[in-house]
Every structure is written in structure tokens, then in C-alpha cells.
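I opened this notebook to record what I looked up about one surface patch, the chain that carries it, and the enclosed space in the structure.

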Amino acid sequence: MTDVSVAFGGVTALSEVSLVVEPGQVHGLIGPNGAGKTTLFNVACGIVRADSGSITWRDRQLRRLRPDQLARLGIARTLQGVGLFAGLTVLENVMIGAHRHARAGFASALFALPRSDKDERELRTRATAALADLGAEHYADRYPGSLPYPVQKRVALARALVSSPDLLLLDEPASGLAEDEMRELGELIRTLSGRMSVLLVEHHMDLVMSVCDRVTVLDSGRLIASGTTEEVQADPAVTAAYLGEDVDVAHDAAELHSGDHSERAHRA
Amino acid sequence: MSDLQTQGQPPAGNPATAAAPASTSSRTSRIPLPESTLLRHLLAVLVCAVAAVVLLEITDPFRNSQLATLSYYAIAAGGLTVLTGLNGQISLGHGALMAVGAYTTGLFLSADEPLPLPLIFLAAVVVTSLVGALVGAAASRLHGPYLAGATLALAVGLPGLALKFKETLGGDQGLRVRAPRAPDWFGEAIKAVSGNPASATKWLAYVGAIALLITYFLLANLVRSRIGRTWRAVRDNDVAAELAGIRLGSWRVLAFVVSAACAGLGGAVLAIVVRLAAPSAFTLVLSLALLTAIVLGGLGSLLGALIGSALLVFLPQLTTDLGSAAGLDGTEAAQLAPFVYGVVLVVAMIFAPAGFVGTIRLRWLARRAKRAIARESGR
Ligand SMILES: Nc1ncnc2c1ncn2[C@@H]1O[C@H](COP(=O)(O)OP(=O)(O)O)[C@@H](O)[C@H]1O
Ligand SMILES: [Mg+2]
């Protein structure tokens, strides 16, 4: 993503931001509220079109594509809320996520051909596996509205993962989660990174610093720092941006730094 | 036919369903059903076909003609419940789409050597689907009141075409439809089954029943498949659906086309049953009646669309009869019907907002949940 700018009316949400997500890496995106993180996600998944700049993924120009086209190219995203389909069971929700792997067309569905049944079985198997990966297979027949928030978040993640994306965009996946759930989430994201690239927006600095390979910091739509977690934490511009908003966050980040480092070395 | 109903309604808002059990074992029914969707649905069609024959043979010609009326309402309502209940698009224009099917059928039947009836019906379906594709393409960009407004314009505007092309479409008077005669084998078959005489009315009722069964079979197939699931996803959360790779526009248009195809077939059956295609038959009242039927029956449910249509057909007669029995004269008794409609609609909204089938489904989910809780606490 190079020199991407977005303005809503008079408000500049992103101004000439460039960002590279390396294959198989977890890339963190942080910044105070209103910095433009969600907007950057919206640009990356096609919900918002960039006013200028270019977005490429695997040598393809993406700037003019719709969200559904991007999804079929292997870019999956979770929403900042949960965004599950209320009238679909958990299993059906995840089966929708596997949409790009469906093969049977309209005619085979209309005449209930064996082809359609087979396709459904395959989607169900995929979806069940994705739910099992996240420990949510027991909820397959339930409706999302009847489930606790953390479970809903896991289902939403399963829905994104079931498509086996090449690039996964996670918007605040840890919000509303308890400590131990957050730790599990961090471990999960680390295991994903081998299979896909992850772009992660998160307010919990400890999580960001423990799972990300690289971090980009936005403030008021401008890129103020980018680099490894160590580099970014040492950057005075970052501390300054955070000092303006929330001292605790920067403090947390600095404190957790050393511990995370050893943990990651251990894993590698 | 419970097999044909959808899983469309979210049980949200009912606290008892909050604990609906997750175990798949609770789903196994006592009667073993075939794995294959095709076999299961064919089995249901067979059962319904037998029921239809029995129903048509034990009732008199007057009821036969009422059942024919039911069939074309139910065909169109089935399509509308897919569009509105499963895909979340409202249409006030389905009456007009029925008109397209009816006029197409009337024109084809007026030929000196008319095509075989199935082909004519197919033509009506194709023509109406094309109109539906056009309307759907426009509609897929509209939401809520705008969509209602656009389809309303269709409902009001399209019958006007009949006035414009007086020569071919018959203007105000409408187009007389030559109803096709029953083939000889039909009379023999009916005699063999029940010994009843095979009247023209009976033939039309059978044509309607067959069209209805085929329509619901195909719709049930769609509803049960990936197609139905995708429609519901688009209805529930279009942003999330799009992020899952679903092209919203195409799927909305597809729902509209399928729904229009049903309206077209409904109109075709109407044309031969009523023997007339006239603008006065396809006013906004017809579109509203279809919407009433699917809301009463339970949005998104085919069985609900059938039940709602039955209410639509039989309720006016029932209230008129009751009115006469209560000592009202003919016109007074007939005036009861709209009033009773209103009351039924209001009562349904208060006591069964999810519609007939939807409410029963919620009850069932609640009971299942209670049993699950009992099981868990028993451990
Ligand atoms: N759809 C929109 N319309 C108008 N302004 C928007 C829209 N989305 C975001 N913004 C503005 O863009 C800026 C960045 O917002 P956002 O990307 O949501 O930040 P973050 O996710 O980092 O908190 C904010 O000033 C916000 O008000
Ligand atoms: Mg945000």
C-alpha cells in the first residue's frame, strides 16, 4: 500500500500512508482513537475507496475492486463489532465464510442435485473444522444472539479463517476479552502467521507487542513510525503521540517489552 | 410439509431460546429421512400430491375452484416470501408481475394453434423473470422505503400498459383467456381414482396444484441450499456478507428473478382459472394481499406462505357465511370480510408477530431449550 490518502468531506482520515505487509508476518497497526486505523482497513478490504495512492497484493492492483472481489482473492477481515448473521446458526455463519470455496451453482441447488449436497457436505466439514480450531464446535447449532460476546468473537474469527485467506485483517479482536482469552488469542494469531499474513489493529499494547513482527503507528491519518516492535517502542514520536492521549498505554508497552522479546525468541 | 419450511427466522428476542441446545443429537427425528435433499423433498412432494388428490376428490366443484384460487395465490406468495423473508427485500409490485404472467399466458393461448400448456407456462415464467431482472437490478440499489416506493410505482404503472395497448391487451376490459380443455386421459384417470366426473374446473384445479407442487419443490431446494443461506446472510448483514465474498447486487437480483418467476407462474395459473387477464385484477390490492399472506403465515416460510394464502382465500367466504348465519343480508355479510381481515392481522401482530409458522417454531425452540437445561442440571 503506497501513498494512500482518504478524506471524508473535509476530514483527512489518511494522508499518504504507505505500508507493506510481508507474507507470513503479523503486522500491527496502532494509534490513538481517530488515527485512521479502521479507515485503512476499509481501504484494504474495499469498503472505502482511496482517493489516491495504490494498493497492490501479489502484483495485483486492488484500489478499484469491491469487497467481495477482494474476499475472493483471499483477503478476509473481521469487523470491529462482531457482525455475525443473526438469523443463521453458528455453523451457517461459518459456512458463509467459506463462500469462495463453494462450487455448486444455481442449477444444482434448484434441482437439489447430488452435486449440491456434496458441496454442502464439504462446506459443513470445513466450517466444523474451523469452529473446532477455535474451540467453538459445541455452539454449531446455536444462534449468535444467544451466545456470550467472547464466543461470538471466536465465531466471527472462524468465519474469517474458514476461507483460508492469504491476508487476514483483524480489527480489535481482543476488545471485550478477558486476560486468559486474550493470551489464547495471541497464541492463535502467532500460529496463523505461518499460513497467512495478518494485519492487526489492537489497543492492547501487550498483545500487539507480543504477537507482531512489525508495527506501524498512525496519528491523525499520518504515519509516524514503522518498524519492528523494538524500534517502534524506542521511537520518541510514538511516545509523544501516546502521551497526548493515554500515558498508560505507552507505559504498558514499554514495560512489557523485555518479557515479550524473550517469549518470542523462545517460540522461534 | 414441515420439511419444506425454512430456518429463516432468527429466534432473537425470545429469552427462552437463549439456551437452545447445541447437541446435534436432538435433531434426529423419529422417522429416518433420506440423506439426499432430492429424495427428501421428492418424498414430501409425493405426500403432498396424494393429499392434494384426496382434497380435490372429496370436495365439490365450488371448493375445487377455491383450491385453484389458493394455488395461484400460494405460488406467488411462495416467491414473495423468499424475496422478503429470506432476502429482506420488500416488493409492492408482485401483483404487477403476476399480470405479466397472466397476459403472456392469455396471448399465447389466443393463438390459433396454441402451444402445449407447460410450454406456455414456461414462456410466462421466462417473460416475467426478465421483467423481474430489470426491476431487481434497479431494486438492488434501493433500500426500505425507496424500494417499497419503486415497486409501488411498478404496481401502479404496469397495469396501465394494458390500457395503452388496447388492441393486443384488451384495454380496461382485459384479455379473455381461452382456458385449455382437459385432455381425455385426465377424465379417465379421475374416474379410475374416485369415480367423480372430470369437470373443466377440476382440470384447472389439478393444473394449479401441479404448478404449486413444482414451485414449492424447487423453492424448497433453493431455500435448503447454499443459495438460501447466502440470501439470508445478505438480509442479516450486507457488509459482513460482502466481506465474505458475496456480490450483493447479483444475489439481490437473483432473489428478485426467482421471486418474479413464481409471480409469473402464479399469474399464468390465475389467467386460466379466472379465464380473464384484466387490469382490475392486478391492482395494488393484490400485491398487499400477497404481503399479508406471507406475514400472517410467517416470513420466509413456504408452509407459512401456503397457510397465509389459504386464509386469504377461505376467510372472506367463512366470514360471509358466518355473517349470513348471524342474520345479516348478503351485502352486509360480504362487507364483513375486510373487517375480519383487519382484526386477524392485528391479532396476529400482537400474539404471533413471527407469523403462524414462525411462532410455532419459536415455541418448539423454547421447548427444546428447556429440555436441554433440564438435561444439563440433571447431570
Ligand atoms: N465513514 C466516515 N465518514 C466520515 N468520517 C469518517 C468515516 N470513517 C472515519 N471517519 C473519520 O476519519 C478519522 C479516522 O477514523 P477511524 O479510521 O475510524 O480511526 P480509528 O479506527 O483509528 O479510531 C476520524 O476523524 C473519523 O471521524
Ligand atoms: Mg477503529
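I began with B:Leu119, which I found in helix 4 of chain B, helices being DSSP runs (H or I) of at least four residues, and strands E runs of at least two, numbered from the N terminus. The model is predicted, so I kept local features to pLDDT of at least 70 and side-chain atom pairs to 80 or more, while totals for chains, interfaces and linings use all residues. Residues are numbered from 1 along each chain, chains are lettered from A, and side-chain values use heavy atoms, without hydrogens and water.

I noted B:Leu119 as partly exposed, at a relative accessible area of 43%, where buried means under 20%, exposed over 50%, and partly exposed in between, with a 1.4 Å probe and protein chains only.

I then looked up the nonpolar surface patch of about 540 Å², whose members are B:Phe108, B:Leu115, B:Leu119, B:Leu122, B:Val126 and B:Leu130; patch residues have over 30% relative accessible area and no salt bridge, nonpolar side chains being joined within 5 Å, and a salt bridge puts a Lys or Arg side-chain nitrogen within 4 Å of an Asp or Glu carboxyl oxygen. Helix 4 (residues 117-139) of chain B gives the largest share of this patch, four residues.

For chain B as a whole, I recorded 16 helices and two strands, with buried residues making up 50% of its 379 residues. Its exposed area is about 17600 Å², of which carbon and sulfur atoms supply 67%, by the Shrake-Rupley method with a 1.4 Å probe.

Notes. Patch = residues over 30% accessible without salt bridge, like charges linked within 9 Å, V, L, I, M, F, W, Y side chains within 5 Å.
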